[in-house]
Amino acid sequence: MQRIAIVLACLVGLLAWAEGDEFEIKVYTVAKAEQEIALDGKLDEPAWAEAVSVGGFMLYGKETRSEPPTFWKATYDERYLYVGVSCDEPALDKLQPVPQARDAHAIFSGETIEMFLDPDHTHGTYYQFGVNAAGNVYDSRGTDPVWNAAVKTGAGRTQAGWTLEIAVPWEDLGMKPVPGALLGINVCRDRQLDGKQWTNWSRVIHGFHDPSRFGHLILSPPQGVLEKLGLE
């Protein structure tokens with residue numbers, strides 16, 4: 001319970017602002033999974049039950065909470081970073097996922113989650129992972145889709161909407177999952193079932209490709225790491 005309280009406090013608190021930037025800097029701490037995660041879109045493993053689910057997505061370019069809501073959570077092991085996303089969808093009867101080829105730009109023409117990772121959190125090299133409701137992947141280094149990672153996905157449905165599980169290999173990110181490691185992250189949703197709607201968890205300005213405004217993802221932070229981050 002203490003870990004959850006710390007996480008929630010960090011998520012709703014304003015740890016810092018970039019100079020001249022009024023957007024909050026969001027922080028999510030990740031616990032290590034003790035059991036294997038099956039990429040089936042169900043988000044039903046114990047590690048998912050223990051992970052904190054966060055929402056608060058905003059319409060891109062606006063100070064308005066998005067409806068229907070979107071939630072994401074994360075866990076990891078020695079091989080992968082796992083991100084699970086739950087998309088509430090009142091027009092679920094209209095959802096008919098269309099399979100697309102790897103790196104096909106058509107992936108963004110349907111219901112899609114866009115995830116961005118900056119492994120060193122330098123606001124320099126970052127990676128994009130677009131995954132649609134069929135589980136198809138568009139990945140790129142920055143905006144270059146020639147780069148590919150051995151990403152695994154799983155898509156599913158619930159009574160309230162649809163879900164995704166995304167597993168990104170640490171090796172392809174060029175890093176090891178050591179406790180206290182800090183990454184930049186953002187999770188965005190492209191919704192087109194009932195009009196077009198683009199939403200972001202960490203608010204960005206220059207499109208979704210805006211690494212200077214990604215949130216903070218911290219792996220199993222040792223004692224004192226969050227306090228140090230707050231001071232910085």
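Reader: Which residue in the turn between S6 and S7 has a positive phi?

Author: This is a predicted model. In it, S6 and S7 make a hairpin. Between the two strands sit 4 residues. The one in this turn with a positive phi, about 85°, is Gly 135.

Reader: How many bridges join S6 to S7?

Author: Strand S6 covers residues 127-132, and S7 covers residues 137-141. The two run antiparallel. In this pairing, Gln 128 stands opposite Ser 140. The number of bridges joining S6 to S7 is 5.

Reader: Is Tyr 138 buried or exposed?

Author: Tyr 138 belongs to strand S7. That strand is mostly covered, with 4 of its 5 residues buried. Buried means under 20% relative accessible area. Tyr 138 has 9% relative accessibility, so it counts as buried.

Reader: What is the C-alpha to C-alpha distance between Tyr 138 and Gln 128?

Author: Tyr 138 is in contact with Gln 128, and also with others, including Phe 129 and Gly 130. In sequence, Tyr 138 and Gln 128 are 10 residues apart. In space, C-alpha to C-alpha, they are 7.8 Å apart.

Reader: Which strand gives the largest nonpolar core its largest share?

Author: The largest nonpolar core has 50 residues. Tyr 28, Trp 72 and Phe 129 have the most contacts inside it. The largest share of this core is 6 residues, and it comes from strand S4.

Reader: Which residues does Phe 129 contact, leaving aside neighbours within four places in sequence?

Author: Phe 129 touches Tyr 138 and Asp 139. Its other contacts are Ile 113, Glu 114, Met 115, Leu 117, Trp 147, Ala 149, Val 151, Val 168 and Leu 173.

How values were computed
Residues are numbered from 1 along each chain as its sequence is written. This is a predicted model: local features need pLDDT of at least 70, side-chain atom pairs count only at pLDDT 80 or more; totals for chains, interfaces and linings use all residues. Side-chain values use heavy atoms; hydrogens and water are left out. Buried means under 20% relative accessible area, exposed over 50%, partly exposed in between (1.4 Å probe, protein chains only). Contact means heavy atoms within 4.5 Å. Two strands pair if DSSP finds at least two bridges between them. A nonpolar core is a set of buried Ala, Val, Leu, Ile, Met, Phe, Trp, Tyr and Cys residues joined through side-chain atoms within 4.5 Å.
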